[in-house]
Amino acid sequence: MEPRVSYALVGLFVLVFGGAFVALVFWLVGVEPAADYRTYAIYPPESVAGIGGETPVKYQGVDVGKVRQVGLDPRDPRRVRLLVDVRREVPIKVDTTASLASQGLTGLVYFIELRGGETGSAALEAAPGEDYPVIRAELSDLTQLQRTGTELLEQGKAAAAELKETLVAVRDLIGGGERVAMGTLIDDAGRTAALLAQAAGTLNAHLDRLGPLLDDLNRAAARLPALAEHADQMLHSVGEAAIRVDQTAQRLGDLTIDAAPALTTLTRDGMPELVALLKDLHTLTGRLDRLAADLEQQPNLLLYDRPRRPGPGERR
């Protein structure tokens with residue numbers, strides 16, 4: 001009975017150890033259950049040299065999968081197709097992009113870099129007629145840099161060639177006499193520049209003199225609002241005075257209208273009596289004048305009566 005139990009324990013140990021060994025081997029070689037991954041297609045617009053099976057696929061720098069297959073597109077052999085397996089929990093959206101990238105100073109370690117994917121974007125699905133969902137591919141940073149450098153180099157070469165041709169044309173165009181003429185022209189331009197500098201100095205002097213005048217004008221302009229306000233006050237006072245004069249004239253007119261009947265009565269009834277009174281006053285004034293003359297000649301008239309003059313036929 002004991003040997004049979006020992007054989008069973010040994011067999012169980014072998015099975016457990018073998019399973020653990022197989023799991024360890026799968027883990028070391030990177031084999032994981034296929035149900036945890038989803039396959040996508042990428043069509044890079046550049047060379048995929050350095051990319052092969054088991055090349056890592058990273059999303060924002062995190063390992064999320066690997067390249068399953070590198071080959072040509074069955075429908076168009078002119079372009080390359082990459083099949084990559086990405087873990088299902090990684091959010092691959094319609095705006096997610098893929099590009100080739102390198103790592104390290106030497107740039108010999110390549111991988112597939114996934115970027116983008118807004119939260120509100122829809123999940124990427126296979127288009128009609130496609131076997132796998134297609135992740136939009138972009139040029140790698142290194143390829144963009146190379147293309148930019150090549151374009152700049154070509155532009156520099158073209159500019160250098162044009163400059164060389166221009167210099168040759170100028171040298172052929174300008175002979176000895178033309179060079180002398182150009183030298184004279186340059187000298188004239190120098191003298192003209194000197195005259196312009198002198199004129200600029202004179203103009204600066206005039207501008208310096210004009211500065212105080214502008215300051216005075218600014219101060220006068222600053223006083224204009226106060227003067228305008230004072231003028232407004234004066235106009236307001238004049239308006240009030242005119243209103244008062246108008247009111248006084250209106251009152252005088254009313255008084256004249258009220259006094260018109262009395263003046264008419266005085267003119268009609270009192271004027272003849274006033275004329276008679278003036279005549280009597282004139283007569284009385286003449287008599288007083290004669291009396292004063294007599295008193296001046298004969299002061300005793302105040303004490304004695306004036307001597308009677310004899311009548312006709314009487315003696316004195």
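This is a short talk on one surface patch, the strand pairing and the ring contacts in a predicted model.

I'll start with helix 1, which covers residues 2-29. Val 22 lies in that helix. Is Val 22 buried or exposed? Neither, in the terms used here: with a relative accessible area of 40%, Val 22 counts as partly exposed, because that class lies between the 20% and 50% limits. Val 22 also belongs to a nonpolar patch on the surface. The other members are Val 10, Phe 13, Val 14, Phe 17, Phe 21, Val 25 and Phe 26. Together the patch residues have about 800 Å² of accessible area.

Now the strands. Strand 2, residues 56-59, runs antiparallel to strand 3, residues 62-72, and 4 bridges join them. Tyr 59 stands opposite Val 62 of strand 3. The hairpin of these two strands has 2 residues between them, and Gln 60 takes a positive phi there, near 55°.

On to strand 4, residues 80-87. What joins it to strand 3? There are 7 bridges, and again the two strands run antiparallel. As one example of a position in strand 4, Asp 85 is the bridge partner of Lys 66.

Last, the rings. How many aromatic pairs are there? The count comes to 0. Charges do sit over rings, though. The charged end of Arg 79 is placed over the ring of Tyr 43, 3.9 Å from the ring centre. Likewise, Lys 58 has its charged end over the ring of Phe 111, at 4.7 Å from the centre. That's what I have.

How values were computed. Residues numbered from 1 in each chain as written. Predicted model: local features only at pLDDT ≥ 70, side-chain atom pairs only at ≥ 80, totals over all residues. Heavy atoms only, no water. Patch = residues over 30% accessible without salt bridge, like charges linked within 9 Å, V, L, I, M, F, W, Y side chains within 5 Å. Areas by Shrake-Rupley, 256 points an atom, 1.4 Å probe, with all protein chains shown as cover. Salt bridge = Lys/Arg side-chain N within 4 Å of Asp/Glu carboxyl O. Helix = DSSP H or I, 4+ residues; strand = E, 2+ residues; numbered from the N terminus. Buried < 20%, exposed > 50% of the residue type's maximum accessible area, 1.4 Å probe, protein only. Phe/Tyr/Trp six-rings, centres within 6.5 Å; stacked < 30°, edge-to-face > 60°. Lys NZ or Arg CZ within 6 Å of the ring centre and 35° of its normal. Pairing = 2+ DSSP bridges.
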